[in-house]
Amino acid sequence: MIDFSERKEQNGRLEQELLALRAEYRKQTMPAEHAEKLRADITEAISSPKARRKEKRYKFKYAAAAAVIAGIFLILPNTSAAAANAMRQIPVIGHLVKAVTFRDYSYESDRNMADIKVPELQVEEQQGDSRTKQKLEQTAEEINAEISRITDQLVEEFEENLEDDYGYQDVVVNSEVLATTEDYFTLKLNCYQGAGSGYEWDYYYTIDLKTGERLKLKDIFQEGADYITPVSESIRQQMKAQMEADENVIYWLDSDVEEWNFKEISEDASFYLNENGNVVIAFNEGDVAPMYMGTVAFEIPEEAVRGILRQTE
């Protein structure tokens, strides 16, 4: 499993050196243990002519144990329910839903590495409002389908690139439960692609457990309330404070490239609710800061949005 915090630290040091040398802004390298594997950008590899395939493809399997064969790691299908349960990591989410590692895709050779764990939300048997349970099941199904599309596309791109003899690539996907309460939960899908340069991005799935609905950012606030202005202002203040406290922290607020500068969040900004019940706005690499800053997030204090938050029952 790739250590994302270590990767960010190493990428940060490298990009600062590149910036000092007036190198291309977005150029970064992978951590040392994978640097020798990466030469070609994934998108370029996809469009390049197909070379004779010298590395074997491995399709999705249900959650399984890994075996080492001739230096390549395979994921084998489980042969019993007991084995499946032993391999699964099952964090319980609230009292209504659980997340399981539904499918694994694993591949490793001298130039290519993939470690893709696909989570699935499952609704637990429960007493109570059958309509809420039905809506929870529908929401879980929709989220599972979205996650499946994302991970299927990553696997497809990875396998297409295996056909290029000169291709070097890393792909990692894992998930994390960020917060659980009696009212809601959030699942985070963390994705990473590396091929000459590395890019990390995240997806957030927050469900209202009382209604079974997947929450949008606007659902956290009272209907018709202007939440974009105070949330954006809180983020700008936090950016400035962080930059004043640490010269290595950079956000695009007053850069020479006007279109890069952060002005305000969008209505569909990525977010989640933390254990304190506060909204956290999340940005992917390169959205509001140089790539070496990695993914960044800003917790919005309650006082910044007091009076416009939706009242919970």
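This text goes through a predicted model, from overall composition to one strand pair and one loop residue.

The protein has 313 residues, and 47% of them count as buried. Its secondary structure amounts to six helices and 12 strands. The exposed surface is about 16,700 Å², of which carbon and sulfur atoms supply 47%. If contacts are taken between residues at least 6 apart in sequence, 62% of them join residues at least 24 apart.

Two of the strands can be followed in detail. Strand β8 covers residues 184-194 and runs antiparallel to β9, with 11 bridges joining the two. One position in this ladder can be named: Leu-189 has Tyr-203 of β9 as its bridge partner. The strands form a hairpin with three residues between them, and in that hairpin Gly-196 takes a positive phi near 85°. Strand β9 itself spans residues 198-208 and is mostly covered, since nine of its 11 residues are buried.

A second place to look is the loop between β5 (97-108) and β6 (112-123), where Ser-109 is found. Is Ser-109 buried or exposed? The relative accessibility of Ser-109 is 12%, and the cut-off for buried is under 20%, so Ser-109 counts as buried despite its place in a loop. Tyr-168 lies 59 residues from Ser-109 along the chain, and the C-alpha atoms of the two are separated by 9.9 Å.

Conventions: Residues numbered from 1 in each chain as written. Predicted model: local features only at pLDDT ≥ 70, side-chain atom pairs only at ≥ 80, totals over all residues. Heavy atoms only, no water. Buried < 20%, exposed > 50% of the residue type's maximum accessible area, 1.4 Å probe, protein only. Helix = DSSP H or I, 4+ residues; strand = E, 2+ residues; numbered from the N terminus. Pairing = 2+ DSSP bridges. Contact = heavy atoms within 4.5 Å. Areas by Shrake-Rupley, 256 points an atom, 1.4 Å probe, with all protein chains shown as cover.
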